[in-house]
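Visitor: I'd like to go through this one by asking how each label is earned. Could you show me the structure first?

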2 protein chains.
Amino acid sequence: MGTTQLETVPEPKYLHLKTVLSEALDSEFSVGEILPNERDLAARFGVARATLRQALEQLELEGRLQRRRGVGTTVAPPRVGVALGTGRQTWPGTGDDVWQPMDCERAVPPAPVAAALGTGTEEVHLVRRFRMSQGRRVATELLYVPAASVPDLSAIDAPSGPARARAVLRELQRLELDGQDRAVELGSAGAEDAKELDRLPGSPVLVVTTRFAAEGRTAALGVATYRADTCRLTFGDTPDVEIHHDPERRAS
Amino acid sequence: MGTTQLETVPEPKYLHLKTVLSEALDSEFSVGEILPNERDLAARFGVARATLRQALEQLELEGRLQRRRGVGTTVAPPRVGVALGTGRQTWPGTGDDVWQPMDCERAVPPAPVAAALGTGTEEVHLVRRFRMSQGRRVATELLYVPAASVPDLSAIDAPSGPARARAVLRELQRLELDGQDRAVELGSAGAEDAKELDRLPGSPVLVVTTRFAAEGRTAALGVATYRADTCRLTFGDTPDVEIHHDPERRAS
DNA sequence: GAGTGGTCTAGACCACCCA
DNA sequence: GGGTGGTCTAGACCACTCG
């Protein structure tokens, strides 16, 4: 038949759109620049706004775009590398830290945390911290510390607030650290985390769970929530790997 | 006024829906069970199908659900822990590995990879592997190996295929490994990766970039793509941390 | 062929930001 | 108040799986 070759597997519109936009971002836009609004863009590409949004969502997921209600869509800067492991293992709060303690309260941890700590329904110290990088808040963390891990903690001075949090971290550092485990997985920001990270609820986050082992048991457990759009978590000896994922990878 | 307390910040429907579904999953469903189809569920909750889908998408992102076209929506098993770092650093392919070599070709790496390897527009060996865990394919990897890192590689036997890939890995192991860096970030599966991982294009993935240092330079660079829905990447001494992220965390 | 999830449309209204 | 992105609707058709 005289027809031209049909696409055997027609690509969804939003994927094609994503590719087109991605190339335009590389060649015609610079970091921080504002894109046309969604209605205009949709009209320009001849698609419904919902379809355009599907493409924008993925580009935002990949850290290429940043969208803010009432403001617009801007070209995102490259992700910031955030060092998680520097080879040696240390207690939280050691040295001149990038973490800022916020406050500390007593709380019964959720079941899976309680199971790891072996505390049952007992109350533990719950330290809340956040992590800054390049002037932006990139992560929040909840650190669960059983009372048994900080036996000499004075209950009197600094009953709450940042000072209390620092006191708990200081006491924790008196234990000898046997080792630490980490796990990274994808999650979505809950309402609280979203507010603290200046994102909407449901935004993708990287959840880093750290278990601190001392004296043959789990002495503390941290659950840190990193903004997945802006962060690249780095592990290892040298902190500056500058490779980014490139969806169209092979050049050959 | 005699009205009951209004919600000060009315929660979006899809978020409320997500919470309701999440609780139902915990209490009324078991792993592998099939949920009612989307049209029925939407009708049951009195929302449009698109709104329901927004809730399902997030639950799938969090690894709670698994959806397959033509089949249905099922309750997902807990994420599998996938060990990335065991403390000691090793070349890829060392020991009885969970990685299966697929093939090996020669290709010019994409610009950022070439920059890290310092190879310019020179062709390198490109080894493709995939990783199995519990009978499922959980990751694919592209490993870029400059010719200079495997000088004694015979070009004659096993010119391609899995045997060739194994030969490259074997030669690589003759170098002394100085160190290795890793980075983890969120990405979305390209068309190729999606097919190999049995997911749709655009599915969220965890991209792990590994840089192998030897003889004062980058001797190889791996870009691994893990299914974000089913994997929890673990690092550290003991491989079995069984803590999962819990969106409603504090029980206080 | 029947049923599933995936894509797409053309609208509407809302929450938020800023001038 | 005007413009932005975020939510929501009620449809339609398509690609896929399976009996």
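Visitor: Which element gives the most to the surface near DNA strand C?
Guide: That's α3(A), with 4 residues. Keep in mind that this is a predicted model.

Visitor: What makes a residue count as near DNA strand C?
Guide: One of its heavy atoms has to lie within 4 Å of the strand. Around DNA strand C there are 26 such residues, and A:K13, A:A48, A:T51, B:N37 and B:R49 come nearest.

Visitor: How do you know which part of DNA strand C faces the protein, backbone or bases?
Guide: Look at the strand's atoms within 4 Å of the protein: 64% belong to sugar or phosphate, and the rest to bases.

Visitor: What makes the approach of A:T51 to DNA strand C a polar contact?
Guide: The cut-off for a pair of N or O atoms is 3.5 Å. A polar side-chain atom of A:T51 sits 2.4 Å from a phosphate oxygen of DNA strand C, so the pair qualifies.

Visitor: And what about B:E38 and B:R67, how far are they from a phosphate oxygen of DNA strand C?
Guide: For B:E38 a backbone N or O atom does the job, at 2.9 Å. For B:R67 a polar side-chain atom lies 3.4 Å away, which is still within 3.5 Å, so that pair counts as well. As for elements, those giving two or more residues to this surface are α1 (13–28) and α3 (49–61) of chain A, along with α2 (38–45), α3 (49–61), β1 (65–68) and β2 (72–75) of chain B.

Visitor: How does the surface near DNA strand C split by class?
Guide: It has 8 nonpolar, 7 polar and 11 charged residues.

Visitor: Over to DNA strand D. Which residues are closest to it?
Guide: A:N37, A:R49, B:K13, B:A48 and B:T51, out of 26 that surround the strand. Of the strand's atoms within 4 Å of the protein, 67% belong to sugar or phosphate and the rest to bases.

Visitor: How do you know that a base of DNA strand D takes part in a polar contact?
Guide: A polar side-chain atom of A:R49 lies 2.8 Å from a base nitrogen of DNA strand D. The limit is 3.5 Å, so this is a polar contact to a base.

Visitor: What do B:K13 and B:T51 offer to a phosphate oxygen of DNA strand D?
Guide: B:K13 offers a polar backbone atom, at 2.2 Å. B:T51 uses an N or O atom in its side chain, at 2.4 Å.

Visitor: Which element has the largest share of the surface near DNA strand D?
Guide: α3(B), with 4 residues. By class, that surface divides into 8 nonpolar, 7 polar and 11 charged.

Visitor: Now the helix packing. Why are α2(A) and α3(A) called roughly perpendicular?
Guide: Their axes come within 9 Å and cross at roughly 105 degrees. The roughly perpendicular range is 65 to 115 degrees, so α2(A) is roughly perpendicular to α3(A). A:E38, A:R39, A:L41 and A:A42 in α2(A) meet A:R49, A:L52, A:R53 and A:L56 in α3(A). Those residues divide into 4 nonpolar, no polar and 4 charged.

Visitor: Why are α1(A) and α3(A) called oblique?
Guide: They pack at about 55 degrees, with axes 8 Å apart. Under 35 degrees would be roughly parallel, and roughly perpendicular starts at 65. The angle fits neither, and therefore α1(A) and α3(A) are oblique to each other. Their crossing is right-handed. The contact's residues divide into 8 nonpolar, 4 polar and 2 charged.

Visitor: What makes α1(B) and α3(B) oblique?
Guide: In chain B, the helix α1 (residues 13–28) packs with α3(B) at about 55 degrees, and the axes are 8 Å apart. That angle lies between the limits of 35 and 65 degrees, so the two are oblique to each other. α1(B) passes α3(B) in a right-handed crossing. Among the residues making the contact are B:Y14, B:L17 and B:L21 of α1(B) and B:L52, B:A55 and B:L59 of α3(B). By class, this contact has 8 nonpolar, 4 polar and 2 charged residues.

Methods
Residues are numbered from 1 along each chain as its sequence is written. Chains are lettered from A and ligands numbered from 1 in the order in which they are written. This is a predicted model: local features need pLDDT of at least 70, side-chain atom pairs count only at pLDDT 80 or more; totals for chains, interfaces and linings use all residues. Side-chain values use heavy atoms; hydrogens and water are left out. A polar contact is a pair of N or O atoms within 3.5 Å; within protein, one must be able to donate a hydrogen and the other to accept it, and residues adjacent in sequence count only if both atoms are side-chain atoms. Ala, Val, Leu, Ile, Met, Phe, Trp, Tyr, Cys and Pro count as nonpolar, Asp, Glu, Lys and Arg as charged, and the others, Gly among them, as polar. Axes are lines fitted to C-alpha atoms, for helices over the stretch in contact, and angles run from 0 to 180 degrees between N-to-C directions. Angles under 35 degrees count as roughly parallel, over 145 as roughly antiparallel, 65 to 115 as roughly perpendicular and the rest as oblique. A crossing is left-handed if the near helix is turned anticlockwise from the far one by less than a right angle, and right-handed if clockwise. Contact means heavy atoms within 4.5 Å.
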